[in-house]
Amino acid sequence: MSDNSGNILPGVNILQKGTRNGASTDFDGNYSITLQKGQKTLVFSYLGYKQKEVSVGTNTTINVVLEDSSESLEEIVVIGFREVKRDKILGGVSTVKAESIQQAAPVDPLQGIQGKMSGVQIVSNNGPGEGFDIRIRGVSTFTAGNTGPLYVVDGQQTFNIDNIDPNDIESLEVLKDGATTAIYGAQGANGVVIVKTKTGKSGKIQLSITNVTGVNKLIGNLPAPNAAQRIEQERRMNLGGSFIGAGRDSLSLVGRNSPDIQKLVTRPALRNQVNVALSGGSEKVKFYWNTGFFNESGIIINSGHKRVNTRLKLDLTPNEKFKTGTLINLSYEFTNSTTSGPVLGHLLNRVAYLPLFEPDGSFTPGSPRKFSLNPIQNAVLRKNDRKRYRANLYTYAQYKVLPSLSIRSTVGADFFYDKREGFVPSILDPRNFADGNPTGSERHQLTTRIQQDNTLNFNQQWGDHDLGVFAGMQIQKIVSDNLKIDSRFSNDLIETFNNADPEFLLVDTAGGDATQKESTGLFSLYAGFDYDYKNKYLLGATIRRDGSSKFGANNKYGIFPSVTAGWRVSKENFLRGNSVIKNLLVKASYGIVGNDRIPNYNFTSSLVPGSDYNGETGFAPSRLGNADLRWEETESTNLQLDMSMFKGRRLNFSLAFWRKVTDGLLVNTEIPEESGFNNIRENRGVVRNQGIDFEISGTILKTKDFSWRSGFNIGLLENTVQELDVPIRTGRFITEEGSPIGNIWGYKNHGVFQYDESNAFTPSGDRLFPNFDSNGFFLGTYNMANGEQYPLDGEIKQLVHGSTRNILKGGDYIWDDANGDFVINSDDEQVLGNGLPTTYGGFSHDLTYKNWTLGTLFDYSYGNEIYRRYDHDRNSLRATVLTVSPDRLDNAWQNQGDIAQYPILQAGRARNQNRFDFTNSTANSTYVSDGSFIRWRYVRLGYKFPKDVLKQIDIGITGLSFNFAVNNLLTWTNYEGYNPEFGSRGNPLTPSEDALRYPNDREFLLTLKAQF
């Protein structure tokens, strides 16, 4: 068995037509099959090749050559309720197959496609079970929690795909432009991810068992102060009356009580994953069933993630006109998370000489007076558990009314129960460790999503014309039940709410976690067509009308059209038969996509129960409605060139120029307090994303025994807020007109004043430099930056801190006086950087030699800054109990004339001019770092045992392979923190803020797969 280039094809499926009798080729392309009664025809099928039927007749040996389907591109992709041949897709679509997804033995499907698609950025949210953020061609919305794409799994729309086992996936498509996503209407504004899961194949039942075993290890440490450095800080800050460390010498036990806390809090973590899959069937019945168990301990003690999942997929084809099927996916996930502040935060800023353990080995409590927690005690005793139960049920039925006309109906349900449990024992009460109060919390969320589709498809070919038309309707309903309760507990013995103190039991009735029940509905009508002439000139269009219950009667419905056009230049006479250019397609698309992903009922005002007025309990206004609230709409254009070159399409590349403009952004706008409300939801603002996507891949070298395939992709992004009448402040970030989303906002400094006399400027704001004699005495004169002496009678201005009126002096920050009034206050706040990368992508290599495989991937991100909030916090001196970083201590100003990176170590009240930036919730340019990186994402070495070896063993194994992989090998970056890669956890306006996320790790994995 070989392809049309003479290459051996292992694993080709062979089936005796009309029976379940089948076989497959071995690694040398050989096969054998004993025919049963029935048709004497063999059907040969292989992914990426055209299916072929061969009549056996009287032959005993049949050699078959399969035609590469990349030359015919007959593979079918389901996009927007209709089937489309891959070579006729006219929008921006990127695809990753199962083999590529499995390279790094990913925990999550999105992890398996990192760095493999242009224009698609996937970043980790850090920590076991925390998932990934995905941004498709930029950020197009301001609404927190709703930046992710729509996921469509085997036709069923769903919340996310965190619970899907990557082993179940056959292919994953990302729809990037408006033309391909417009048919999904209200759900497709942030892109669409289509997941096709594996299906059973005709033939003998196959059993596959996969085991993954691995170990994770912390990559790098953050600089943490030791006891000696803490004592030195107290000495410089004259804290002897408040702390025991000041005045102790190097022989003191206090100074020697300095363990490596990061080493004690972290550990090598183990991972174990087992999957058992059964598949098989006949031409009329096919099934696939996979059950998996995943267990990963975190590199921080007492953290980890477990998952149990099972997926059953059944397809029935009783006759040529009718087919039906069902899919059931069940999963359970348990995550034991780490609370960053009490563990990671206090690991870095605690009073370092305070003990961690008592002589008997028990934990030493934190010090309430010093507000210094014991990180190890908090990691072990603090409970922060999450349990997720998920059930996906999906059924379809399709009937062919006429040879060219079919009707398909589907119904699906997605059930998601999310339970979070927290418990803090009394000994961790930060207000009183000796006689504290235990507290607990629970959050329950049950979400049910029902979807029902009915679609008519008409497909007709006549001569050189090919026409496909479809139309249908869709109904969706989502019901969500929430309950959140908090309480003080009676004691530490029982961690559940039967131990809650009734006097302190609180049911949350406000905020995003409020206890409530709500529902939303969506009714849609859609239609479209695809037409081509000789597969040379292609045209398509879709239209969808959505009605959403999230909008009032004034704007309930939205209409979302799209149009596509393509010209296959390679079909023209002047290129036909060209030995170099095998396929050349120029395509353009335009589409409008809607977004209704906002909280429910914002179009109307609401009341909240449980409010108190003059001692009377009742209802009170909680939200001001906006009856004119309308759809957020994204207008998208895409111009793309796809080309394949050389025999067998050995080299392929794609170049796309795209633009997305989102109008009527759904944002909360602050309103005067006299209204009785803080804000109102309205449509305000326009944001534009535009860029270039480029992908190139090909087979560099291919012989009988060896092949080398490589790929590279890059995405360039420019994000601009084109209209926004009032800027939006979100923490230490600002969104304003004329700038990109994600600007870091705060005070810029130019270093530290060397002398008191260094605070000197000309009236125009140019800095002056004082002159001193050889003994360090000030001569009363200044030089300008060009070296010339400033006139003796020239006016000298000094910077003044606005709120305290302190004149800045030696050891103070040289704040940038943005408005030139020499008063440092909020008028001097400015943009310090931006958190959105402007360039990202990846490059990969896959090599095979006989039975050996070697794969590797690098990905990169460039052009963003990261705000190190954790560093700013500990170094701000907002409280004397915080220990500064070693760098802050070693490079702090102490005496007149010091050239220093950081200001003097002095209590905040005395030098508020050096800490007001943090207390005012603004950033400081000192803590804004370059976030660019290149990461060696994985390297994977694999080996498949030859079939003849397995036959000699003769224990029923038909396939056996092992792989050794290392994930996160190396990262090249200038970033000082644990990891330059982390998601915004759903808030699009605050990218790249590091408040201490879960540390990065390196993973060593061994995978063993056996087939029977």
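Which residues of α7 are buried? The points below take up that question and some others, for a model that is predicted.

1. Helix α7. The buried residues of α7 are Pro342, Val343, Leu344, Gly345, His346, Leu347, Leu348 and Asn349. Helix α7 spans residues 340-349, and because 8 of its 10 residues are buried, the helix is largely enclosed by the rest of the structure. Those buried residues pack against three helices: α6 (261-265), α8 (375-381) and α9 (869-875).

2. Arg997. This arginine sits in the loop between β55 (993-994) and β56 (1001-1011). Arg997 is buried but has no salt bridge. The nearest side chain of opposite charge is that of Asp994, 5.9 Å away; a salt bridge would need a side-chain nitrogen of Arg within 4 Å of a carboxyl oxygen. Apart from neighbours within four places in sequence, Arg997 is in contact with Asn125, Asn126, Leu344, Tyr978, Phe982, Gly983, Ser984 and Arg985. One of these contacts, Leu344, is also among the buried residues of α7.

3. Arg86 and Glu173. Searching the whole structure gives 40 salt bridges. In one of them, Arg86 pairs with Glu173, and the closest N and O atoms are 2.9 Å apart. Arg86 lies in the loop between β8 (82-85) and β9 (93-97), while Glu173 belongs to strand β14 (residues 169-175), so the pair ties together parts that are 87 residues apart in sequence. Glu173 counts as buried because its relative accessibility is 4%, under the 20% cut-off.

4. Arg688 and Glu718. A salt bridge also joins Arg688 to Glu718, with 3.0 Å between the closest N and O atoms. The pair links distant parts of the chain: Arg688 is in strand β36 (residues 686-702) and Glu718 in strand β37, 30 residues apart. The two partners fall into separate exposure classes: Arg688 is buried at 16% relative accessibility, whereas Glu718 is partly exposed at 38%.

5. Lys419 and Glu421. The side chains of these two residues meet in a salt bridge, at 3.5 Å from N to O. Lys419 is buried, with a relative accessible area of 18%. Glu421 is buried as well, at 8% relative accessibility.

6. A salt-bridge network. Asp154, Asp168, Arg311 and Lys313 are linked in a network of salt bridges. As a general point, side chains of opposite charge can pair when their charged atoms come close.

7. A negative patch. Glu633, Glu635, Asp663, Glu723 and Glu737 form a negative surface patch. Glu723 is in strand β37, which covers residues 706-723. Its relative accessible area is 48%, so Glu723 counts as partly exposed. Strand β37 also holds Glu718, the salt-bridge partner from point 4.

8. Gln39. This residue is found in the loop between β3 (22-24) and β4 (41-45). Gln39 is partly exposed, at 41% relative accessibility. Not counting residues up to four places away in sequence, Gln39 touches Gln16, Lys17 and Gly18. Between Gln39 and Gly18 the C-alpha to C-alpha separation is 6.6 Å, with their positions 21 residues apart in sequence numbering.

Conventions
Residues numbered from 1 in each chain as written. Predicted model: local features only at pLDDT ≥ 70, side-chain atom pairs only at ≥ 80, totals over all residues. Heavy atoms only, no water. Helix = DSSP H or I, 4+ residues; strand = E, 2+ residues; numbered from the N terminus. Buried < 20%, exposed > 50% of the residue type's maximum accessible area, 1.4 Å probe, protein only. Contact = heavy atoms within 4.5 Å. Patch = residues over 30% accessible without salt bridge, like charges linked within 9 Å, V, L, I, M, F, W, Y side chains within 5 Å. Areas by Shrake-Rupley, 256 points an atom, 1.4 Å probe, with all protein chains shown as cover. Lys, Arg positive; Asp, Glu negative; His and termini not counted. Charge placed at Lys NZ, Arg CZ, Asp CG, Glu CD.
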